[in-house]
Amino acid sequence: MNDARRLASASWLLLPWWMLATAAGFAVGGPIESVLGRSSGMLVVVYVSVGGTAAAALQWLALRRHIAHAGWWVATGIAGGVVTGAAGLVLGAAVGFGAGVVESFRAGVGDGARAGFATGVDAAGVAAAVLFGAAVGVVQWLVLQRQVAGAGWWMLACSVGWVVSGLSAGVTDSAAGWAVLGAVYGAITGCVLVWLLRRRADGE
């Protein structure tokens, strides 16, 4: 078996390990959520960032034989969390300000400020929950772009995979939900990763 065939074969073996690593990593979010409590605010960034970093560390164990500089992969969960938190705060502040202005005209400045703050916190949490996959995808693309052709597909896979996995996790209780989220996210991103590695092995 030549090197290209061998690498392509190994890439398929990567998929189940990738799914397991991602599920196990994000499962860390369950205990943290049980301690801190559910929140629709920015605490969601803590849950997904810790889970995402744990998942990235376990993914590195599976990925290190397939790409160079795989050590940078471990930091992508933290970097994605920072980007997500900043974007969530900006969007939350904008939405909260708008809601506060509208409510101030209706019920007064004091009520408007309180309503704006509450709306902004909720908006920041929702934005963070939705944007995490896209943020991590961009950061991880920086690791992949010079090593595999078509690495731009990775950003799309992370964005779509995160939304789909979030919807899938919503049908379970919170403890199992994090593992389900990781497994579904790992399945979607893992298939794209294997495809990218096989294209490289085939010389495309």
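In the predicted model, Ala 128 is located in helix α5, which spans residues 109-144. With a relative accessible area of 0%, Ala 128 is buried. When neighbours within four places in sequence are left aside, the contacts of Ala 128 are with Val 44, Val 45 and Thr 84. The C-alpha atom of Ala 128 is also separated by 8.4 Å from that of Leu 89, a residue 39 positions away along the chain.

A second buried position occurs in helix α3, formed by residues 43-63, where Ser 49 is found. Ser 49 has a relative accessible area of 13% and is classed as buried because this value falls under the 20% limit. Residues up to four places away in sequence being excluded, Ser 49 touches Gly 77, Gly 81 and Phe 132. Helix α4 covers residues 76-107, and the loop between α3 and α4 contains His 69. The backbone of His 69 adopts a positive phi of about 55°, although this residue is not a glycine. Most residues other than glycine have a negative phi. His 69 counts as exposed, its relative accessibility being 59%.

At the level of the whole protein, the secondary structure consists of seven helices and zero strands, and the order along the sequence is accordingly α-α-α-α-α-α-α. Of the 204 residues in the protein, 42% are buried. Contacts between residues at least 6 apart in sequence were also examined, and 74% of them join residues at least 24 apart. The protein exposes about 10,100 Å², of which 71% is supplied by carbon and sulfur atoms.

Helix α6 comprises residues 152-169. This helix has 18 residues, and the distance from its first C-alpha to its last is 26 Å, close to the 26 Å expected at 1.5 Å a residue. The buried residues of α6 are Trp 154, Ala 157, Cys 158, Gly 161, Trp 162, Ser 165 and Ala 169. These residues lie on the same side of α6, because the arc that they cover around the axis is only 130°. Gly 152 also belongs to helix α6, but this residue counts as partly exposed at 36% relative accessibility. The C-alpha atoms of Gly 152 and Trp 141 are separated by 6.9 Å, the two residues being 11 apart along the chain.

Helix α6 also contributes to a nonpolar feature of the surface. A patch of about 470 Å² is made by Trp 153, Leu 156, Val 160, Val 164 and Trp 195. Four residues of this nonpolar patch come from helix α6, which provides the largest share. Trp 195, by contrast, is placed in helix α7, residues 174-201. The relative accessible area of Trp 195 is 39%, so this residue is partly exposed and passes the threshold of over 30% that applies to members of such a patch. Helix α6 thus carries both a set of buried residues, among them Trp 154 and Trp 162, and four residues of the nonpolar surface patch.

Note on methods: Residues numbered from 1 in each chain as written. Predicted model: local features only at pLDDT ≥ 70, side-chain atom pairs only at ≥ 80, totals over all residues. Heavy atoms only, no water. Patch = residues over 30% accessible without salt bridge, like charges linked within 9 Å, V, L, I, M, F, W, Y side chains within 5 Å. Areas by Shrake-Rupley, 256 points an atom, 1.4 Å probe, with all protein chains shown as cover. Salt bridge = Lys/Arg side-chain N within 4 Å of Asp/Glu carboxyl O. Helix = DSSP H or I, 4+ residues; strand = E, 2+ residues; numbered from the N terminus. Buried < 20%, exposed > 50% of the residue type's maximum accessible area, 1.4 Å probe, protein only. Contact = heavy atoms within 4.5 Å. Expected span 1.5 Å × (residues − 1). Arc of directions from axis to C-beta.
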